[in-house]
Number of protein chains: 2
Amino acid sequence: MRQYLLGPSFSGQTTFTVSKKESQYLTRVLRIKEGQCFAGIDRNGTIWDLQMESVGKESCTLSCQKAAEGKAKQTTDSMPSYGGPFPRIFLYQCICKGKKIEQIVRQATEIGVEEITLVQSRYCVSDFSNKTEKTVSVRGERLEAQIKEAIQQSGSPIATHIGEKTIKLEDLPKHWNDRGLAIFFHQSEISQQTSLGKLLETVPISTPIAVIIGSEGGFSDEECLFLETSGFKPVLLKTNILRAETAATYAISAIQVLLTEKETQ
Amino acid sequence: MRQYLLGPSFSGQTTFTVSKKESQYLTRVLRIKEGQCFAGIDRNGTIWDLQMESVGKESCTLSCQKAAEGKAKQTTDSMPSYGGPFPRIFLYQCICKGKKIEQIVRQATEIGVEEITLVQSRYCVSDFSNKTEKTVSVRGERLEAQIKEAIQQSGSPIATHIGEKTIKLEDLPKHWNDRGLAIFFHQSEISQQTSLGKLLETVPISTPIAVIIGSEGGFSDEECLFLETSGFKPVLLKTNILRAETAATYAISAIQVLLTEKETQ
């Protein structure tokens, strides 16, 4: 663990009591002892210097201090890494089958995507619209667990979060609400397809970027037309036809590398 | 399937008889009928126009004709994709645990890596040097199956192959033999670290590029020093600390996108 992701109930308290399950993780798995210091990040992406104050049977208490200059004093693993800037990527991922969507969420979080929203599109093999509330909530918990582990392991300064609700593709433009550049990746030949490099050439690294990735079945022609007329830019990746899970990681990596290389050279 | 990967025994015959297992795949899974045409690729990356000549009980026979201008007349799935050029990427992957290495090989093949060589390094959790011949051969078959499926599904024009032998990290410079640019990705601060963009700036897309990715445990300081003094360039990816499987896909995507964008803009 490079940093500990503080629970959603943390809101800047100077001492914070951690629930049973989390407490066991900290004290038994990571073997953090009373008095030990370690790095934390909250759900807003703020970095905290944490110290294990006391270990009880069912819980433990941490003392929390906002890290100076947004940099933690100590991490349990001191490997240095890139400190930013990071592009602001918002992933709209059409739903794929269980294990695939978990892999996508995991890798997207590691790389530093800000927000992941699940989208129901025409060719989705998994349809969650008529699933029971329990099934949907179990899936949500699994994805949350992937995100938590990825943030803690990767030391990402971005507190990736997943949209509470799955949205329909037709509601995507309203949900995105023109916050910045929006790109959808599609392998078929559409008129006016731009190259990713050209599209990002004049985009500052601070611009929010929506990345729309299809499901296993890709997008229908109608969906492409709809996205295009809604102002989303079609991009053909200069590679082979990728499965959904590879396409997501490829697209996010490509955008991040093109923008960070431009920024920091 | 976008193209059929011809078996290693194919060497340009005008008719080719396919073994039982493969024959069942073509006739029962893909339901290819007598007379039907489809695209093929051989282990050298040559594209073939194939036709199902006859279907027997235990095998089937294909007629094979070299595709004109390296482009197949027909594919079972006609989705167009990027036609090249592709950078020539040679992946040296330090061995990771079973499922992880399969995921890496699968994604690297989809994206279009030319050759994958497994490397035994100091922090490898899986050590295959003292495994039985059978275990090693089962692993090899699993990886071959991943490669085959990926080539067939992605329509990759690159006949990715895996090195027959696992090599030791210390033998890497000899194995690579200065064929082109060699890069290793490492998250710690090494002197003279260059940015990937700078490093590729003057590299033509046809240059062979070796990409060395660590295992779950990364590289030791000695290994980094050894690689550097052997002429391998250290690169710190401008992202978070990635797990080995994400790092491989990220690095390959990054190199491909930087070189193809430069080439085709």
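Strand 4 (residues 47–55) and strand 5 (residues 60–66) of chain B make a good starting point: they pair in the antiparallel sense, joined over seven bridges. One of the residue pairs to look for here is V55(B), whose bridge partner in strand 5 of chain B is C60(B). Keep in mind as you follow along that this is a predicted model.

Now widen the view to the sheet around that pair. In chain B, an open sheet of five strands has mixed pairing and the order 1-3-4-5-2. Its edge strands are strand 1 (4–5) and strand 2 (15–18) of chain B, and each of them pairs on one side only. Helix 1 (residues 20–29) of chain B packs on this sheet, touching strand 1, strand 2, strand 3 (37–41), strand 4 and strand 5 of chain B. The direction of helix 1 makes about 100 degrees with that of strand 2 of chain B.

Between strand 3 and strand 4 of chain B there is a loop, and G45(B) lies in it. Is G45(B) buried or partly exposed? Its relative accessibility is 22%, and a residue must be under 20% to be called buried, so G45(B) counts as partly exposed. If you leave aside its neighbours within four places in sequence, G45(B) is in contact with P157(B) and A159(B). You can also trace the distance from G45(B) back to Y4(B): the two are 41 residues apart along the chain, and their C-alpha atoms are separated by 12 Å.

Let us turn to chain A. Here too you will find an open sheet of five strands with mixed pairing, in the order 1-3-4-5-2. Strand 1 (4–5) and strand 2 (15–18) of chain A stand at the edges with a single partner strand each, so each has one side without a neighbour in the sheet. Strand 4 (residues 47–55) and strand 5 (residues 60–66) of chain A are antiparallel partners, with seven bridges between them. Along this pairing, L50(A) stands opposite C64(A) in strand 5 of chain A. Helix 1 (residues 20–29) of chain A lies across strand 1, strand 2, strand 3 (37–41), strand 4 and strand 5 of chain A, and runs at about 100 degrees to strand 2 of chain A.

With that sheet in mind, step back to see chain A as a whole. Its secondary structure comes to seven helices and twelve strands. The radius of gyration of chain A is 20 Å, close to the 18 Å that the globule rule gives for 265 residues, so chain A is as compact as a globular protein of that length. Along its principal axes, the C-alpha trace of chain A spans about 60 × 50 × 30 Å. Of its 265 residues, 54% count as buried. Among contacts in chain A between residues at least 6 apart in sequence, 76% join residues at least 24 apart. The accessible surface of chain A comes to about 12300 Å², and carbon and sulfur atoms account for 48% of it.

For a single residue away from the sheet, try A145(A), found in helix 3 (residues 133–154) of chain A. A145(A) has a relative accessible area of 43% and is partly exposed. Measuring C-alpha to C-alpha, A145(A) is 13 Å from E110(A), with their positions 35 residues apart in sequence.Next, look inside. The largest nonpolar core has 126 residues, and those with the most contacts inside it are F185(A), I255(A), F185(B) and I255(B). What does I255(B) touch, not counting residues up to four places away in sequence? Its contacts are P87(B), I89(B), I183(B), F185(B), L196(B), L200(B), I209(B) and V211(B).

Another stretch of chain B to follow is strand 6 (residues 88–94), which is mostly covered, with six of its seven residues buried. Strand 6 of chain B runs parallel to strand 11 of chain B, and six bridges join the two. Here Y92(B) stands opposite I212(B) in strand 11. Strand 6 of chain B also pairs in the parallel sense with strand 7 (residues 115–120) of chain B, over five bridges. In this pairing F90(B) stands opposite E115(B) in strand 7.

Our last stop is the loop between strand 11 (208–213) and helix 6 (221–229) of chain B, where S220(B) has its place. The relative accessibility of S220(B) is 2%, so this residue counts as buried. Beyond its neighbours within four places in sequence, S220(B) is in contact with R122(B) and Y123(B).

How values were computed
Residues numbered from 1 in each chain as written. Chains lettered and ligands numbered in written order. Predicted model: local features only at pLDDT ≥ 70, side-chain atom pairs only at ≥ 80, totals over all residues. Heavy atoms only, no water. Pairing = 2+ DSSP bridges. Helix = DSSP H or I, 4+ residues; strand = E, 2+ residues; numbered from the N terminus. Contact = heavy atoms within 4.5 Å. Axes fitted to C-alpha atoms, helices over the stretch in contact; angles between N-to-C directions. Buried < 20%, exposed > 50% of the residue type's maximum accessible area, 1.4 Å probe, protein only. Rg over C-alpha atoms; globule rule 2.2 N^0.38 Å. Areas by Shrake-Rupley, 256 points an atom, 1.4 Å probe, with all protein chains shown as cover. Core = buried A, V, L, I, M, F, W, Y, C linked by side-chain atoms within 4.5 Å.
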